[in-house]
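Reader: I'd like to learn how to read a helix next to a ligand. Can you walk me through one?

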Amino acid sequence: MQSTIVNITLTGSSYPIIINDSCFDLTSVKEILAGRKVALISNDKVAPLYIEGVSKELSKYCSGVFPHILADGEEYKNLDSWRGILDFLADNNINRSDILVSLGGGVVCDITGFAAASWMRGVEFIQIPTSLLAQVDASVGGKTGINHPKGKNLIGAFHQPKAVIINTATLKTLPSREFKSGLGETVKYAFINKPKFKKWLGENSDRINQQDLPTLTEMIAQCCEFKAEIVQQDEKELGVRALLNLGHTFAHAIETFTKYKEYTHGEAVAIGIAMAAELSVIMEKSNQRLIDNVRALMAKFELQDTIPKSINPEKLVELMRLDKKVKGNTHRLILMKDIGESYIQTNVCEKDILQAIENCQS
Ligand SMILES: NC(=O)c1ccc[n+]([C@@H]2O[C@H](COP(=O)([O-])OP(=O)(O)OC[C@H]3O[C@@H](n4cnc5c(N)ncnc54)[C@H](O)[C@@H]3O)[C@@H](O)[C@H]2O)c1
Ligand SMILES: [Zn+2]
């Protein structure tokens with residue numbers, strides 16, 4: 001198949017997202033790789049599956065591939081792993097004229113990007129995302145970072161990649177729960193500002209659930225376009241980019257409350273979107289039709305839209321207070337006026353948030 005290319009055009013940097021359903025298509029980045037050393041960062045789950053193939057492709061154009069393998073898991077997206085990468089770059093004399101390449105899910109993409117942002121005050125990097133979540137979201141847009149013991153993604157930088165290379169065939173080896181997690185992040189675009197995408201998702205849900213590759217490839221390309229559109233308007237999240245956080249303040253509280261053990265990020269986001277819909281209705285910004293639509297789409301992808309009664313709503317609100325988006329004593333949240341019409345709501349009171357959470361308990 002010929003690759004689909006989505007371009008991101010920013011003031012300081014522009015780059016292509018190259019999407020193919022059968023190979024890692026590096027043809028349009030060969031000039032970027034020419035004559036440079038590549039530090040290829042992956043993890044011990046993805047490397048055995050794909051590092052050989054990717055190294056072979058990279059070696060056609062670059063002067064040498066230097067692999068560095070991290071332990072798999074969000075808990076390794078930390079200062080120690082980041083330092084390990086920097087030590088590795090130092091040991092192998094990777095300098096400003098060389099380049100980093102990530103190969104893995106969102107964790108590997110985020111930490112590789114942050115190592116690239118910080119090494120020698122910023123070196124170039126290419127993302128090769130292999131999870132659905134990373135292909136529709138994490139690898140695109142230049143947010144890079146690691147976790148601090150006090151919280152997720154507290155350390156980081158905006159640093160745009162030189163290219164994103166997506167081979168959707170990698171999804172065949174992705175565990176099904178991780179696939180579903182990626183869908184949680186996929187459906188958010190429909191509710192943010194793409195009502196037509198909601199229709200498309202509804203019509204194609206069977207093929208998506210069966211992981212039909214041409215359908216997934218089309219879906220991923222659309223998500224990359226949606227994210228590119230928003231990032232182009234607001235690279236540093238001073239305004240409209242915040243809409244990408246739809247459902248996320250609820251989701252982060254759910255993830256923290258359950259100590260990151262019960263829900264994947266995408267599963268928590270799906271529940272968070274349902275809570276945002278409830279809140280939109282409680283605040284009389286929308287009507288029951290919105291909630292019904294949100295729940296119907298989640299059901300098509302077997303995404304949960306409720307939490308059990310064992311999760312204390314008051315505790316969730318308390319955790320939401322710690323979120324970056326709280327101003328004074330009231331909350332700032334992304335809500336929806338309709339499907340595909342999300343907006344930033346300030347001055348949200350805790351009583352209404354509590355009610356929205358309770359409406360999503362079963
Ligand atoms: N930078 C951003 O804009 C952004 C946006 C969203 C999420 N994120 C970050 O992304 C991370 C979550 O990403 P994720 O959901 O991809 O998690 P992940 O990177 O932990 O990947 C999920 C699991 O799937 C494995 N995996 C990945 N690709 C595979 C494949 N093709 N075959 C088999 N196994 C595979 C991983 O090794 C891991 O075990 C979080 O740290 C989150 O903060 C960043
Ligand atoms: Zn997310």
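Reader: Which residues in α4 are buried?

Author: Buried means under 20% relative accessible area, with exposed over 50% and partly exposed in between (1.4 Å probe, protein chains only). In α4 of this predicted model, G106, V108, C109, D110, I111, T112, G113, F114, A115, A116 and A117 are buried. That makes 11 of its 13 residues, so "mostly covered" fits, going by that under-20% cut-off. Helices here are DSSP runs (H or I, at least four residues), strands likewise (E, at least two), numbered from the N terminus.

Reader: What span does α4 reach from its first C-alpha to its last?

Author: The expected span of a helix is 1.5 Å times one less than its number of residues. α4 reaches 18 Å, close to the 18 Å expected. Just after α4, M120 takes a positive phi of about 50°.

Reader: Which polar atoms lie by ligand 1?

Author: A polar contact is a pair of N or O atoms within 3.5 Å; within protein, one must be able to donate a hydrogen and the other to accept it, and residues adjacent in sequence count only if both atoms are side-chain atoms. The side chain of K77 has an N or O atom 2.8 Å from an oxygen of ligand 1. A backbone N or O of T170 is 2.9 Å from a ligand nitrogen.

Reader: How are things numbered and filtered?

Author: Residues count from 1 along each chain as written, while chains are lettered from A and ligands numbered from 1 in written order. Local features need pLDDT of at least 70, side-chain atom pairs count only at 80 or more, totals for chains, interfaces and linings use all residues, and side-chain values use heavy atoms, leaving out hydrogens and water.
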